[in-house]
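I opened the model to look up a few strand pairings, one helix and one residue of interest. My entries follow in the order in which I checked them.

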Amino acid sequence: MTDPTAAASAGKMETRAQEEITAEGHGARPGGGADDGKQRSLWGDAWVSLRRRPIFIISAVIILFLTVMALFPGLFTSVDPTKADLSLARQTPSADAWFGYDQQGRDIYARVIHGVRASLVVGVLATLGTVLLGSLVGLFAGFYGGWLDAILSRFADVFFGLPFVLGAIVILSTFNPPGTSYGPVRIIFQVIFSIVVLSWPVTMRIMRSAALTAKQQDYVKAARALGASPTRIIFRHLLPNTLAPVLVYGSIALGTYIALEATLSFLGVGLRTPVVSWGVMISDAKELIRIAPHMLLFPAGALAVTVLAFVMLGDAVRDALDPKMR
Amino acid sequence: MSTEGQSAESPNPSPLEDPAAPAVVQQGSEPLLAVSGLHVEFRTQEGVARVLNGVRYHVDAGETLAVLGESGSGKSVTANTVMGILEMPPAAITAGEIRFRGEDLLTASASRRREVRGEGIAMIFQDALSALNPVFTVGFQIEEQLRKRRGMSRKDARKRAIELLDLVRIPNAKGRVRQFPHEFSGGMRQRAMIAMSLALDPEVLIADEPTTALDVTVQAQIMDLLAEIQRERNMGMILITHDLGVVAEVADRIAVMYAGRIVEEADVHSIYRKPGHPYTRALMDSMPRLDQRGQELNTIKGLPPSLTAIPEGCPFHPRCPLAIDLCREKDPELLTIAEGRVSACHRSDELMRDE
């Protein structure tokens, strides 16, 4: 890919005037023979540097593994995670059940495998929700400024001011009072909703400040001077330049949201028994820590590894997208 | 067209009826782009800065108007106002009109103004690196307008983009079209920027200090390129600069700005031969000259006035070597001093007579 270009530019150098020599000299990449192609944008650069990072590779492998687990739990276990056999209650790990049995005599290994889905769905959708809502509001607030910015920012401040756990307890115990039992889908979406509603101001602020900086740039002025409409400027020219910090936050937040889901489930307001989730398992184990520590350790360990993987991924992405960190 | 620098009087439809109108306006035809009585304020916390105080100039097809002046004299603000890309607030246009082919752009609808941008009037910015979007290829940025505004297909737009890059003499345009702005050198970026602004065949090109960010050899190439393109396409060009050397080579007419107003306007030959305003004369004198080697460079003493407190009378009087009492009291009007020349100075008659 690089060779033809180099040959072409060398040919040009002979025929063209002095300026082109300077120009080509600048244009040619230092160490142009490297494996990277010619189209290296911010994202291309980031990808090249990501591929070389052990942290990225490790976290990506873990996440890939978890995703497969969430999509096809049957590949890893054939045991029904809801099948309870009280005669097996609280049995410690054995060859039959690698992680042992819980209070109800359910296979903890099967439950950990099946719990990935709820955790990942909550994490991914809550991240998607916060990133979409927060970015959109932040982009408009930052671009238009003035009274629109003032209103949107104050509105965000209201939600930002609510302590997360308190706010989530209020929302969830209103929509999902203890004692009622809705289907798993509904419970999962309520949890996602409460996370999105209480977390979007963070992405909004990140996006707003990125948009404020980007809209001062000449390329926005140039786009306007060439007759681009405001929506075109916002989505076509501002958004790609402001996305990086939000995506970095999003990838770190994903891990946190999975932990938040577990927190809410532990408190008894999040996911509940028809749903198999790590938070529910930890919650079930809380009174039996001393009698049956394996009931807590396995789901908590899985949770820790998952959160760690996403936070590591976020870290790697942040480093890769920030050229100054290299 | 109003020529009274200080007043924002009602538009005068025919330039011929205005005795002070410069004679360079072609008989019976309206100029391609005409700015008149333009007043712009910046409302800041420190007070109102009157950045433009009745700017007027015009440019015709195939003509290059150079706008000269110190930093902060309002050259770029005028250009941004013409393009309609002024940040409002803090800026506010308090009076004036901008006529493009006789149509007042300031009263035109937002969508009509967008149509004019790019196709009617296009602009080149000083710093091409920041004026090109870092996340898109140079080709994409040229093609975007062609696809959206001309309805071209991806393939045709790409072809046209390569042609345009060729036109601005970017070597290996075919390969370069797929590259990102940071892979271009400074001069190449400015060329790409020029290609971008030419994509929709504008009738007027505003070049806001197009060569300031470049080194001297590249400056000359870019200026030659601009002059050539302007000639070939019979475009009107407004060249904003503070480089007097550049001006002498490419401009047809020169408008000199000071403290947000035009203080002198004339064709390039007569202004270099005999400046009609003390400020213009001081600018010319401050050019380094070979026959003054070893001597101290003539500079204009003092600083341009703060735009929040423009002095009473002629804004240049505190720095003017010719200032008289009248200058402290009365702001001079922009008056015709010779065929096709206007100057805002109480003593311009004397300036024209002596030397």
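I looked up B:Arg99 first and found that its bridge partner in E5(B) is B:Asp104. This is a predicted model, in which local features need pLDDT of at least 70, side-chain atom pairs count only at pLDDT 80 or more, and totals for chains, interfaces and linings use all residues. Residues are numbered from 1 along each chain as its sequence is written, and chains are lettered from A and ligands numbered from 1 in the order in which they are written.

E4(B) and strand E5 (residues 103-104) of chain B run antiparallel and are joined by two bridges; I took strands (E, at least two residues) and helices (H or I, at least four) as DSSP runs numbered from the N terminus, and counted strands as paired if DSSP finds at least two bridges between them. In this hairpin, with two residues between the strands, I noted a positive phi near 50° at B:Arg101.

I then turned to helix H5 (residues 154-167) of chain B, whose 14 residues should span 20 Å at 1.5 Å a residue (1.5 Å times one less than the number of residues), and its end C-alpha atoms, 20 Å apart, agree with this. Its buried residues (20 or more other C-beta atoms within 10 Å of their own, the C-beta atoms being placed from the backbone) include B:Ala157, B:Ile162 and B:Leu165. Seen down the axis, the buried residues of H5(B) fall within an arc of 160° (taken over the directions from the helix axis to the C-beta atoms), so they line one face of the helix. After H5(B), I found B:Arg169 with a positive phi near 60°.

Note on methods:
Buried ≥ 20, exposed ≤ 12 C-beta atoms within 10 Å, placed from the backbone.
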